[in-house]
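Here are my notes on the model you sent over. Have it open in your viewer while you read.

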Amino acid sequence: MDDAKCFAFVRQHRWPESVRCPACDSSSVIRDGCDDTQPHRQRYRCKACSGRFDDLTGTVLAGHHQPLRVWVLCLYFMGLNLSNRQIALELGLDGSDVQTMTEQLRRGLVAKAPEVELTGEVEIDEVYVVAGHKGQPAAVAKRAGSGAGASWQARRAAARWRRTSRPSSG
Ligand SMILES: [Zn+2]
């Protein structure tokens, strides 16, 4: 399996429909030449966020010590439902190396999700667990009517006040 086939295989797995920007998930993407040292590694530019990326950007395949061909063959054998042991034999690799690779590949070809950007008002969930009450329902019931209960009410009210995303709370 040569480099051209390897990158074609990666593209096909990663973007079955159309190439998407790993930063903003836009499909308004144009080709932007090829990698300087790997001529089959396609580069892209996103028209939505002006981000630049290539076939391997953000995947477990980028910057790994195993050659791309080994990853691609591993993916291919996984598709044939070969066991880790069989894949290790086929690739001449250590069983634990193959185990690590298949685990990473199963989590998805794109291991690193784009960074989450929080904008506007951010809500923290109001649900929490009071520690130390397990197996002592009487103590919990007793405390619910006292000061501890009041502070819980206050915190819940504060959380509700911040909740703006839902039209009605309750
Ligand atoms: Zn983008």
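The points below go through the sheet and then one residue in it.

1. First, a caveat: this is a predicted model, so read the contacts with that in mind.

2. The sheet is open and has 3 strands in the order S1-S2-S3, with antiparallel pairing. Its edge strands are S1 (29-34) and S3 (52-54), each of which pairs on one side only. From one strand to the next, the twist averages 35°.

3. On the S1 side, 4 bridges join S1 to S2 (residues 42-46), and the two run antiparallel. If you want landmarks, Arg31 stands opposite Tyr44 in S2, and Cys34 has Gln42 as its bridge partner there.

4. S2 and S3 are antiparallel too, paired over 3 bridges. Here Tyr44 stands opposite Phe53 in S3. The hairpin of these two strands has 5 residues between them, and Ser50 takes a positive phi near 65°.

5. Which side chains of S2 are buried? Gln42, Tyr44 and Cys46 are, and they point to one face; Arg43 and Arg45 point to the other face and are not buried. That fits the usual pattern: in a regular strand, side chains alternate between the two faces of the sheet.

6. Asp54 deserves a look. This residue sits in strand S3 and has a relative accessible area of 9%, so it counts as buried, the cut-off being under 20%. A polar atom of the Asp54 side chain lies 2.8 Å from the backbone nitrogen of Leu56. Leaving aside neighbours within four places in sequence, Asp54 is in contact with Arg14, Trp15, Asp35, Arg41, Gln42, Arg43 and Tyr44.

Methods: Residues numbered from 1 in each chain as written. Predicted model: local features only at pLDDT ≥ 70, side-chain atom pairs only at ≥ 80, totals over all residues. Heavy atoms only, no water. Pairing = 2+ DSSP bridges. Axes fitted to C-alpha atoms, helices over the stretch in contact; angles between N-to-C directions. Buried < 20%, exposed > 50% of the residue type's maximum accessible area, 1.4 Å probe, protein only. Polar contact = N/O pair within 3.5 Å; in protein donor to acceptor, adjacent residues only side chain to side chain. Contact = heavy atoms within 4.5 Å.
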